[in-house]
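Trainee: Could you walk me through a piece of this one? I'd like to start with a helix and then go on to the loops.

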Amino acid sequence: AELLLPAPLPVDGEELRAPAGDGATARLLRDAVLCNDAQDVSAETGERRFDGDALEVALLVSALAAQVPVDEVRGSWPRVAEQPFDNRSRRMVTVHRRRDGRVLVVCKGAAEAVLPLLADTREGQRAEALAERLSAEGYRVLVVADRAGEQPVEGEEVDHTPEGLGLVGLVAISDPPRESS
């Protein structure tokens with residue numbers, strides 16, 4: 001599997017991209033690591049090995065290849081809640097809380113499952129056009145979105161509803177057929 005990381009791509013004559021200087025690729029890789037159950041078990045096995053869903057392993061391997069310190073990222077943003085992926089919702093949602101009280105909700109999944117949850121509907125429409133184009137080119141497309149906030153007042157619950165999200169990026173995955181197929 002090959003992953004295409006964020007790059008400005010034209011959609012209806014405009015570019016779909018995060019604001020300059022915000023570390024769009026770093027943010028996408030951080031969220032792909034956080035909203036992910038795959039594990040690097042190389043230390044346990046003595047050889048390069050990963051456990052988990054093939055798609056999540058591909059995301060984790062991509063983050064490691066980009067030199068993302070996976071354990072440090074996960075340690076800085078411990079998971080406090082989750083909605084696991086299921087075939088009905090076609091998305092996974094995780095909630096993370098840092099020691100300083102900041103909360104991060106991360107959602108990844110199929111375009112039709114995640115894009116309606118974006119706060120900016122225009123951005124969602126532009127991302128949908130790009131997702132459709134990438135799908136037509138044979139890619140499997142995942143949408144990653146998040147929402148950051150402060151820790152709730154004492155006694156309040158963390159809002160982990162996957163609504164009002166900001167688009168982080170689209171991941172286009174190429175998985176060409178094997179020669180034996």
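Mentor: Let us start with helix H3, keeping in mind that this is a predicted model. Helix H3 covers residues 54-65, and because each of its 12 residues is taken at 1.5 Å, the expected span is 16 Å, which agrees with the 16 Å between its end C-alpha atoms.

Trainee: Okay, and which residues in H3 are buried?

Mentor: In H3 the buried residues include Leu 55, Glu 56, Val 57 and Ala 58, and Leu 59, Leu 60, Ser 62 and Ala 63 are buried as well.

Trainee: What does Asp 53 reach at the start of H3?

Mentor: A side-chain oxygen of Asp 53 comes to within 3.0 Å of the backbone nitrogen of Leu 55, and Leu 55 is one of the buried residues just mentioned.

Trainee: Now the other end: what is the phi of Gln 67, just after H3?

Mentor: Gln 67 has a positive phi of about 65°, although it is not a glycine. Most residues other than glycine have a negative phi.

Trainee: Where does Gln 67 lie, and is Gln 67 buried or exposed?

Mentor: Gln 67 sits in the loop between H3 and helix H4, which covers residues 70-76. Its relative accessibility is 71%, so Gln 67 counts as exposed, the cut-off being over 50%.

Trainee: Switching to Arg 90, what is its phi, and where does Arg 90 lie?

Mentor: Arg 90 also is not a glycine and has a positive phi, here of about 60°, and its place is the loop between strand S6 (79-83) and strand S7 (91-97). Because its relative accessibility is 39%, Arg 90 counts as partly exposed.

Notes. Residues are numbered from 1 along each chain as its sequence is written. This is a predicted model: local features need pLDDT of at least 70, side-chain atom pairs count only at pLDDT 80 or more; totals for chains, interfaces and linings use all residues. Side-chain values use heavy atoms; hydrogens and water are left out. Helices (H or I, at least four residues) and strands (E, at least two) are DSSP runs, numbered from the N terminus. The expected span of a helix is 1.5 Å times one less than its number of residues. Buried means under 20% relative accessible area, exposed over 50%, partly exposed in between (1.4 Å probe, protein chains only). A polar contact is a pair of N or O atoms within 3.5 Å; within protein, one must be able to donate a hydrogen and the other to accept it, and residues adjacent in sequence count only if both atoms are side-chain atoms.
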